[in-house]
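Before anyone builds on these coordinates, here are some reading notes that may help in deciding which parts to examine closely. Please keep the viewer open while going through them.

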Amino acid sequence: MKSVLLACVFGLALCAPAMAADMTAPVETPEWTWQGPYAGVFGAGTLEHYKIHEPNIGDSVTHNVGSAAVGGFAGYNFQSGQIVYGVEGELGYRFKKSTFDDIPGPGTLDVSTGLFGSLKGRVGMDMGRYLPFVTAGVTAAKLKTFYPGGPAERDATVVGGIVGAGVDVALTHNVFLRGEYDFSFFGKKSLEYCGGGCVLEHTLQTHDFRVGIAMKF
């Protein structure tokens, strides 16, 4: 019995230093990387710039309209050293419908952009938990107009370019916040509201100021 007890004590004496060293060793955490797929949601404040031109009269009006917007985005990042690059798609909706009472010709016109989306390339610099980035790509929006004097409703899809910049901030190993500014510019779109050449040319630009949250998979 005495020999068994001595063996146990001797064994504990040998194991104790190893156990203590293991308990005090620093816990290794996975190395942070921005590479991989991600998806998230955003809210935005948008400044819409409308230019409406009546070619027969030769007169134009411009209006700046503020709107709230919501949407979602998803993409994939590749990483080479500190350089992070990838592709991202988004889909969103702007809520503001505006009525303009000074349109050359028709006089009054209801205008909104509603649904919009984009496909962008991204490149950024890995600064640990921060990823400043720039973007560029193509964008499209659903232009909806209504001329109550007709009455005539005309809708069209407008396509253009988008450029932007922002920063992603990691909160946890797979969740990050985003702040971003995007500028979108669309080509001119001509819509006819009545017979006999009643045409208006629409040109649209938007400034989006966005805040989002996303998960990296």
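The numbered points below go from overall makeup and confidence to strand pairing, the nonpolar core, the salt bridges and one loop residue.

1. This is a predicted model, and its contents by secondary structure are 1 helix and 11 strands. Read along the sequence, the helix comes ahead of the strands, in the pattern α-β-β-β-β-β-β-β-β-β-β-β. Of the 217 residues in the protein, 38% are buried, and the accessible surface comes to about 11,500 Å², with 66% of that area belonging to carbon and sulfur atoms.

2. On confidence, the average pLDDT of the protein is 87, and 84% of the residues score at least 70. The extremes are helix α1 (residues 2–24), where confidence is lowest at a mean of 43, and strand β3, where it is highest at 98. Residues 1–23 have pLDDT below 50, and this stretch makes 0 contacts in the model beyond near neighbours in sequence. Residues 25–29 are likewise below 50 in pLDDT, again with 0 contacts beyond near neighbours in sequence. Where pLDDT is low, the predicted coordinates should not be read in detail.

3. How do the strands β1 and β2 pair, and over how many bridges? Strand β1 (residues 36–54) and strand β2 (residues 59–80) run in the antiparallel sense and are joined over 19 bridges, one of the bridge partnerships being that of His53 with Ser60 in β2. The hairpin of these two strands has 4 residues between them, and Gly58 there takes a positive phi near 80°.

4. Strand β2 also pairs with strand β3 (residues 83–94), in the antiparallel sense and over 12 bridges, with Asn77 standing opposite Gly86 of β3. In this hairpin there are 2 residues between the strands, and Gly81 takes a positive phi near 65°.

5. Turning to packing, the largest nonpolar core holds 33 residues, and the members that touch the most others are Ile52, Leu109 and Tyr193. Strand β1 supplies the largest share of this core, with 5 residues. Leaving aside residues up to four places away in sequence, Leu109 is in contact with Ile52, Ser98, Thr99, Phe100, Ile103, Phe146, Tyr147, Tyr193, Leu200 and His202. For the protein as a whole, 63% of the contacts between residues at least 6 apart in sequence join residues at least 24 apart.

6. The count of salt bridges comes to 14. In one of them, Arg178 pairs with Glu88, and the closest N and O atoms are 2.9 Å apart. Because Arg178 belongs to strand β9 (residues 175–186) and Glu88 to strand β3, this pair ties together parts that are 90 residues apart in sequence. Are the two partners buried or exposed? With buried meaning under 20% relative accessible area, Arg178 counts as buried at 5% relative accessibility, and Glu88 counts as buried at 2%.

7. A further salt bridge brings together the side chains of Lys120 and Glu90, at 3.8 Å from N to O. Lys120 lies in strand β6 (residues 115–125) and Glu90 in strand β3, so here the parts tied together are 30 residues apart in sequence. Lys120 is buried, with a relative accessible area of 1%, and Glu90 is buried as well, with a relative accessible area of 8%.

8. Arg178 has another partner in Glu180, the closest N and O atoms of that salt bridge being 3.8 Å apart, and Glu180 counts as buried at 8% relative accessibility. Salt bridges that share partners join Glu88, Glu90, Arg94, Lys120, Arg122, Asp168, Arg178, Glu180, Asp182, Asp208 and Arg210 into one network. A chemist assigning charges to this model may wish to look at these residues as a group, since they belong to one network through shared salt-bridge partners.9. Finally, Gly128 has its place in the loop between β6 and β7 (130–147), where it counts as partly exposed at 35% relative accessibility. Which residues does Gly128 touch, not counting those up to four places away in sequence? They are Trp32 and Trp34. The C-alpha atoms of Gly128 and Trp32 are separated by 7.5 Å, although these residues are 96 apart along the chain.

Definitions and conventions. Residues numbered from 1 in each chain as written. Heavy atoms only, no water. Pairing = 2+ DSSP bridges. pLDDT = per-residue confidence, 0-100. Contact = heavy atoms within 4.5 Å. Core = buried A, V, L, I, M, F, W, Y, C linked by side-chain atoms within 4.5 Å. Buried < 20%, exposed > 50% of the residue type's maximum accessible area, 1.4 Å probe, protein only. Areas by Shrake-Rupley, 256 points an atom, 1.4 Å probe, with all protein chains shown as cover. Salt bridge = Lys/Arg side-chain N within 4 Å of Asp/Glu carboxyl O.
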